[in-house]
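Visitor: I should be grateful for a guided reading of the structure shown below.

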Amino acid sequence: MTGLRVRHRRTVALDSVDLALGTGVHGLLGPNGAGKTSLIRVLATVAGPSAGRVELLGRDTAEHRALGEVRGRLGYLPQEFGYYPGFTVREFVSYVAWLKEMPAARTPAAVERAVARVGLADRADRKIRTLSGGMVRRVGIAQAIVNAPEVLLLDEPTAGLDPEQRVEFRELLRELGASATVVVSTHLVEDVAAACTEVTLLDSGRVAYRGTPDTLTALGETSDGPGDHPIERGYTAALRAHRATEVLR
Amino acid sequence: MTTPWHASEDLTLRYADGSLPEADAWSLEKHLETCTACATRVSTAVRNTPAGLVLDEVRDLILTATATRPKGARGSDMCGSAAWARPAPTGRHLTTHLKPTLWSLGPALRGTWLLALLTVVVGALLLNRAAGYEATRTLLLTLAPVIPVAGVALSYGPHADPLHEITAATPSGGLRLALTRTAAVLGLSLPALTLTGAALPASGAPGAAAWLLPALALTLGSLTLASYVGCRTATAVTGGGWLAAVLVPAFAAHGGSLTARLAGRLAVCFDGAQPGWAAAAAVCAVLLAVRRDAYDHLENR
Amino acid sequence: MGGRWENDDTHADAGGDASGDAVLLRAVAAGDASALAELYDRHAGWLHARLTRRCADPEVVREVLQDTFVTVWRSAAGHRGQQAGGWLWTIAARRLVDARRVQERAARVETLPAPAAVAPSAEDRVLTALEYGDVGTALDRISPELREVLRATVVDGLSTREAARLLGIPEGTVKSRALRARAELRAALTQLNPSPTGGPA
């Protein structure tokens with residue numbers, strides 16, 4: 001994507017963001033309001049940019065036909081999502097598969113697979129409203145991966161997961177990242193350290209830092225900013241450095 | 001059987017990543033059929049490519065299935081065994097086929113709108129039959145065009161559909177879904193309200209079917225307007241506009257009972273204007289077709 | 001990953017490993033799931049790669065692979081001492097044909113027929129030559145449609161009918177293309193090498 005600008009009502013949520021993302025797990029870090037969700041929603045084609053170009057899977061998403069094709073090949077977990085009151089886990093995931101225009105013959109197997117991958121196989125027939133917050137989050141992940149997406153966009157996927165589930169989820173992320181472009185927004189630096197191949201740090205709608213978890217950790221090791229782990233110190237150091245240059249600009 | 005050669009590391013890797021030319025691939029493939037050592041090495045190499053993910057998944061599926069379905073059970077089910085590792089028996093197949101279509105009809109048909117429609121129908125009949133109110137059809141026809149519009153408002157968009165955020169990122173989530181749901185709303189409300197109107201005495205009101213074209217035009221108008229301002233605002237404008245156009249002059253006019261003035265106002269809006277409504281519906285349909293791309297990112301509006 | 005390279009030891013002893021497959025298949029026939037896992041680890045990778053070369057839809061490839069090993073689990077007892085790799089491919093190729101048939105909404109999946117023995121023929125000579133000489137260059141000179149037919153009938157050992165289903169063309173076309181492919185291949189070979197030999201390079 002190039003020169004991306006997203007407006008949210010009157011404020012600019014993202015300003016001149018240029019990113020090229022390949023296969024792997026890309027962590028999107030940043031303080032609240034940095035524009036993580038705006039970026040994910042634009043990448044998910046839910047919101048259109050007010051300026052700039054978004055190219056997914058080699059297609060320009062501004063074009064209607066390309067957009068339809070791209071949408072069939074992406075998965076999206078919003079930060080918040082609802083469901084119809086009577087939905088069971090299986091029905092919900094099947095419905096999303098249907099919306100993604102998956103062939104009906106292959107849908108049941110794909111649904112089982114997706115539900116099993118998030119560890120809900122034994123709860124597939126439970127009504128979603130009877131599940132805990134963490135489980136609903138996993139249902140959300142299942143619907144996102146049901147079509148084996150080539151581009152997977154996850155907005156705060158670990159919110160509500162307990163520590164053990166988070167560890168399992170990171171494992172799943174690494175698997176998915178082997179063959180797809182996965183973008184994960186999170187405010188948990190340790191998620192990024194554990195599962196991501198690349199890190200993008202956003203601040204006030206701009207890219208403050210790009211690198212790998214290792215380079216961010218290395219940055220933390222040479223700085224004395226606040227944080228318990230080197231990567232957290234790296235995070236604050238990168239953020240401070242960016243803000244300093246912004247002020248000087 | 002001994003084989004005269006073994007695949008080189010380079011050959012193995014290039015076959016695994018799919019870059020080996022056809023002829024070389026063929027000869028390697030024939031070789032792998034008879035040489036387990038090379039087969040194992042190629043398999044290992046493939047597992048180190050992105051396909052490894054699929055391999056692991058299929059492995060898990062197969063092993064899970066063998067664990068849950070021991071071989072002892074197999075003698076009797078040679079026919080059923082084809083479906084053994086595919087959780088797709090006909091019953092569930094129907095579920096995944098039919099149910100999503102029903103779900104896609106959306107929130108309106110599963111919620112308050114349906115109740116509202118029912119209330120209008122039953123209420124009108126009761127008002128006329130039980131309370132003996134003669135001008136019920138006038139009231140019904142005043143209200144009727146707003147009902148499908150309200151159905152559209154409650155069917156589509158971030159305010160109406162709890163799944164909208166997910167839906168909006170899918171290929172079916174744009175205009176197609178909006179139209180499916182609108183069709184469901186119209187398919188239910190048009191016959192229900194027309195039949196109700198026909199069951200009521202005319203007593204000065206226009207014909208029971210007179211509202212159909214206006215309702216269609218207003219509904220299509222709502223969808224078209226929604227491509228600019230979003231579903232909620234659009235339906236508020238069209239629905240509110242209709243009510244204002246009918247009620248305000250009726251209240252402002254003098255002479256006769258309110259229902260008589262209302263009936264007169266409806267006659268103006270319906271009877272002479274049917275070609276106008278038809279034209280409006282056609283124009284809205286064309287405009288909607290032109291504006292269909294706007295439904296790709298409806299949430300912005 | 002490291003453990004997966006352990007099989008390198010067996011590389012030097014190809015014969016022993018192949019008989020290892022026979023042992024595994026007998027164990028699978030007796031209901032040993034771990035033997036199935038071992039067989040899967042040895043063969044699933046190359047089967048996947050080979051299927052992928054023949055079918056562009058990864059979802060179908062995945063299903064065919066799964067069906068193949070399900071079939072193995074079910075009918076390992078029917079294995080009659082052929083090379084395990086060849087036997088597995090026969091199953092996979094038939095499953096792929098079946099999958100195509102299902103895709104075309106033609107008929108239901110049949111149970112697997114016993115793998116047909118491939119009679120040695122002119123095709124085998126082509127194959128022998130394939131492992132060595134100039135056939136690769138010659139192959140590059142014939143059209144992709146002809147190559148496809150040759151691959152299905154000669155390399156994959158499918159019948160004319162199966163090849164027709166796999167490629168989505170009429171049986172008559174398979175036959176005529178196979179004839180033309182051989183003729184063109186022969187011509188290309190003669191052109192490359194006036195006196196073709198089968199000896200190792």
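**Helix packing and confidence**

Visitor: What is the orientation of α2(B) and α8(C) to each other?

Guide: In this predicted model, the relation of α2(B) and α8(C) follows from the angle between their axes. The axes of helix α2 (residues 22-34) of chain B and helix α8 (residues 144-155) of chain C cross at roughly 10° and come within 12 Å. Angles under 35 degrees count as roughly parallel. The two helices, α2(B) and α8(C), are therefore roughly parallel.

Visitor: How many charged residues does the contact of α2(B) with α8(C) have?

Guide: From α2(B), the contact involves Glu22(B), Trp26(B), Glu29(B) and Lys30(B), and from α8(C) it involves Arg147(C), Arg151(C) and Val155(C). By class, the contact of α2(B) with α8(C) has 2 nonpolar residues and no polar ones, and its charged residues number 5.

Visitor: Which helix of chain C has the highest confidence?

Guide: Chain C has a mean pLDDT of 71, with 67% of its residues at 70 or more. Residues 1-16 of chain C stay under 50 in pLDDT, and residues 195-201 of chain C are also below 50. Confidence in chain C is lowest in helix α1 (residues 8-11), at a mean of 36, and highest, at 92, in helix α3 (residues 33-54).

Visitor: What percentage of the residues of chain A count as buried?

Guide: Chain A has 9 helices and 11 strands. Among its contacts between residues at least 6 apart in sequence, 63% join residues at least 24 apart. Of the 249 residues of chain A, the share that counts as buried is 52%.

Note on methods: Residues numbered from 1 in each chain as written. Chains lettered and ligands numbered in written order. Predicted model: local features only at pLDDT ≥ 70, side-chain atom pairs only at ≥ 80, totals over all residues. Axes fitted to C-alpha atoms, helices over the stretch in contact; angles between N-to-C directions. Helix = DSSP H or I, 4+ residues; strand = E, 2+ residues; numbered from the N terminus. Parallel < 35°, antiparallel > 145°, perpendicular 65-115°, else oblique. Contact = placed C-beta atoms within 7 Å. Nonpolar A, V, L, I, M, F, W, Y, C, P; charged D, E, K, R; others polar. Buried ≥ 20, exposed ≤ 12 C-beta atoms within 10 Å, placed from the backbone. pLDDT = per-residue confidence, 0-100.
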